[in-house]
Every structure is written in C-alpha cells, then in structure tokens.
Amino acid sequence: MTKGTPSFGQKNQGKTHIRCRRCGKRAYNVRHKYCAACGYGRSPRLREYRWRQPYYLRYRIFYRRYWKVPSVRKFT
Ligand SMILES: [Zn+2]
C-alpha cells in the first residue's frame, strides 16, 4: 500500500455511530455506548443546550421588524 491519499480510504471502515433507539438519528456511538445527539445511554434526560437555539428565542426578545429590511432610506 502506498502512502498518501489512496491509503486514507482505509479509514472509512467500520461503524462508529449507529441509529439511536431514542431519537432515531445515526448518532449512537457503538464504542462509548451513548448517543451524541440526545445523550441516550449517558443520561435519562434529553441532551439539550441553550446555544443550539437562536438568541431571540433564548431571551424571548421578538423585534417587530426582525425579518424585515427597511425599504425606504432617509438621507436628509
Ligand atoms: Zn439519540
């Protein structure tokens, strides 16, 4: 086997993650026996973090014109 790019293809054998029983994603680690997406096997609670959701949902700030870009500009 030669060194370099062709031999890196050998790394793609074997599974690290299989389909999770709880959340259904392919994130259940076979070796460590926990799910990387929902934390199944590590904790009875669902794995969730506040940084996953956007800022305005985190602090419940809803700006009135959040999605609207002002069309009229005032130069005077
Ligand atoms: Zn899961």
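In this predicted model, strand E2, spanning residues 28–29, pairs with E3 in the antiparallel sense, and 2 bridges join the two strands. One of the bridge partnerships links Asn29 to Tyr34 of E3. The pairing belongs to an open sheet of 3 strands, arranged in the order E1-E2-E3 with antiparallel pairing. Strand E1 (17–18) and strand E3 (34–35) form the edges, each pairing on one side only.

The sheet is part of a chain with 2 helices and 3 strands. Read from the N terminus, the elements follow the order α-β-β-β-α. The chain has 76 residues, and 7% of them are buried. Among contacts between residues at least 6 apart in sequence, 0% join residues at least 24 apart.

Confidence varies along the chain. The average pLDDT is 82, and 78% of the residues score at least 70. Confidence is highest in E2, at a mean of 96, and lowest in H2, at 78.

The loop between E2 and E3 contains Lys33. The phi angle of Lys33 is near 60 degrees, a positive value in a residue other than glycine. Lys33 counts as exposed because it has 10 C-beta neighbours inside 10 Å, the cut-off for an exposed residue being 12 or fewer.

The largest nonpolar core consists of 5 residues, namely Cys20, Tyr28, Cys35, Cys38 and Tyr40. Of these core residues, Cys35 is located in strand E3. Cys35 is buried because 26 other C-beta atoms lie within 10 Å, where 20 or more are required. Apart from residues up to four places away in sequence, Cys35 touches Cys20, Arg22, Cys23, Ala27, Tyr28, Tyr40 and Gly41. The C-alpha atoms of Cys35 and Lys25 are 8.6 Å apart, with a sequence separation of 10 residues. Lys25 also appears among the contacts of Cys20, which, neighbours within four places in sequence aside, further include Ala27, Tyr28, Cys35, Ala37, Cys38 and Tyr40. The contact between Cys20 and Cys35 thus appears in the contact lists of both residues.

The loop between E3 and H2 contains Gly39. Gly39 counts as partly exposed because it has 18 C-beta neighbours inside 10 Å, a count that falls between the limits of 12 for exposed and 20 for buried residues. Not counting residues up to four places away in sequence, Gly39 touches Tyr34, Leu46 and Arg47. Tyr34 is also the bridge partner of Asn29. Gly39 and Cys23 lie 16 residues apart in sequence, with 9.3 Å between their C-alpha atoms.

Leu46 is likewise placed in the loop between E3 and helix H2, the latter spanning residues 55–58. Leu46 counts as exposed, because its C-beta neighbours inside 10 Å number 12 and the exposed class covers 12 or fewer. Beyond its neighbours within four places in sequence, Leu46 is in contact with Cys38 and Gly39. Cys38 is one of the residues of the largest nonpolar core, and Gly39 in turn has Leu46 among its contacts. Leu46 and Arg22 are 24 residues apart in sequence, and their C-alpha atoms are 9.4 Å apart in space. Arg22 is also one of the residues touched by Cys35.

Note on methods
Residues are numbered from 1 along each chain as its sequence is written. This is a predicted model: local features need pLDDT of at least 70, side-chain atom pairs count only at pLDDT 80 or more; totals for chains, interfaces and linings use all residues. Two strands pair if DSSP finds at least two bridges between them. Helices (H or I, at least four residues) and strands (E, at least two) are DSSP runs, numbered from the N terminus. Two residues are in contact if their C-beta atoms, placed from the backbone, lie within 7 Å. A nonpolar core is a set of buried Ala, Val, Leu, Ile, Met, Phe, Trp, Tyr and Cys residues joined through C-beta atoms within 7 Å. pLDDT is the predictor's confidence in each residue, from 0 to 100.
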